[in-house]
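Colleague: Could you take me through one part of this model up close, the salt bridges and the residues that make them? I'm new to this, so plain words would help.

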Amino acid sequence: MLSGNNAKHLASTKPRDARGHPRETHPRDSDKLWHMPLDEWIASADQALRTLTGGARAARQQPSAEEPDLTPQERRLSGALLRVDHVGEVCAQALYQAQGLTARTPQLRQHMRRAAADEVDHLAWTERRLQQLGARTSLLNPLWYAGAFGIGVLAGWAGDRWSLGFVVETERQVEEHLAGHLDRLPGTDAPSRAIVAQMKADEAQHAAAAELNGAAPLPAPIRLAMRLAARVMTRTAHYV
């Protein structure tokens, strides 16, 4: 129990308002963000390792179709496009992990985890399809993951509404990007087309769910910057 003198000393050291009255203080949001349980950080690190080492396991069955007899040129094109899509899923895991860790509410944290689970399916599907096509994943995946994780942390720091707004814009751009891949994939490559079509439908659902949860529209300059960054990533991953 505090003595009278100690109590007076503590009261005198409290921050005071303009009238000299003690002012109540609260932990800063930025402090709260990093007071997550250790197991949350361990789970995030484990997911990063699974993402980068091919350890992802899909909960849903991979969309399938009869394997076609592709020409070498068609196989190379499908492999390049699926490699880009796989990089997108690597980035999605990083973004959702970072935004989940920095979410201010348990509700948003759960939202990010549910979306990340769908993206694990996409990650596993595209990786398996690349193997079937005899193609490899991007050599720069660790770089893509690190960059996307940093962006996810910044989005989370901005606040939950902005973080959700970032999800909406990201998913809308990914949906548009996947539509372009459906146009470019060989018409005979039914297995790849089935995977991309399901991914596109899932991304649309993620964007709609984020909007329903109160996403704030992002300013035009941020949307443009996201498009330019995505363009650099997709063009590089097509080859590397």
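Modeller: Let's start with Asp121, which counts as buried because its relative accessibility is just 3%. Keep in mind that this is a predicted model. Asp121 has a partner: its side chain meets that of Arg60 in a salt bridge, at 2.6 Å from N to O. The two come from distant parts of the chain, 61 residues apart. Arg60 sits in the loop between helix H3 (38-53) and helix H4 (72-101), while Asp121 belongs to helix H5 (residues 106-133).

What makes such a pair possible? Side chains of opposite charge can pair when their charged atoms come close.

Now look at the Arg60 end. Is Arg60 buried, exposed or partly exposed? With 30% relative accessibility, Arg60 counts as partly exposed, because "buried" is kept for values under 20% and "exposed" for values over 50%. By that cut-off, Asp121 at 3% falls on the buried side.

Arg60 also forms a salt bridge with Asp202, and here the closest N and O atoms are 2.8 Å apart. Asp202 lies in helix H8 (residues 190-212) and Arg60 in the loop between H3 and H4, so this pair ties together parts that are 142 residues apart in sequence. Asp202 is buried too, with a relative accessible area of 3%.

Next, follow helix H5 to another pair. Arg129 forms a salt bridge with Asp189, the closest N and O atoms being 2.8 Å apart. Once again distant parts of the chain are linked: Arg129 is in helix H5, Asp189 is in the loop between helix H7 (160-184) and H8, and 60 residues separate them. How accessible is Arg129? Its relative accessibility is 0%, so Arg129 counts as buried. Asp189 also comes out at 0% and counts as buried.

Now put some of these pieces together. Salt bridges with shared partners join Arg60, Asp118, Asp121 and Asp202 into one network. If you'd like the overall tally, the count comes to 9 salt bridges.

For contrast, have a look at a spot on the surface. Leu139, Tyr239 and Val240 make a nonpolar surface patch of about 340 Å². Tyr239 is found in the segment after helix H9 (220-237). Its relative accessible area is 63%, so Tyr239 is exposed, whereas Asp121, with its 3%, is buried.

Methods: Residues numbered from 1 in each chain as written. Predicted model: local features only at pLDDT ≥ 70, side-chain atom pairs only at ≥ 80, totals over all residues. Heavy atoms only, no water. Patch = residues over 30% accessible without salt bridge, like charges linked within 9 Å, V, L, I, M, F, W, Y side chains within 5 Å. Areas by Shrake-Rupley, 256 points an atom, 1.4 Å probe, with all protein chains shown as cover. Salt bridge = Lys/Arg side-chain N within 4 Å of Asp/Glu carboxyl O. Helix = DSSP H or I, 4+ residues; strand = E, 2+ residues; numbered from the N terminus. Buried < 20%, exposed > 50% of the residue type's maximum accessible area, 1.4 Å probe, protein only.
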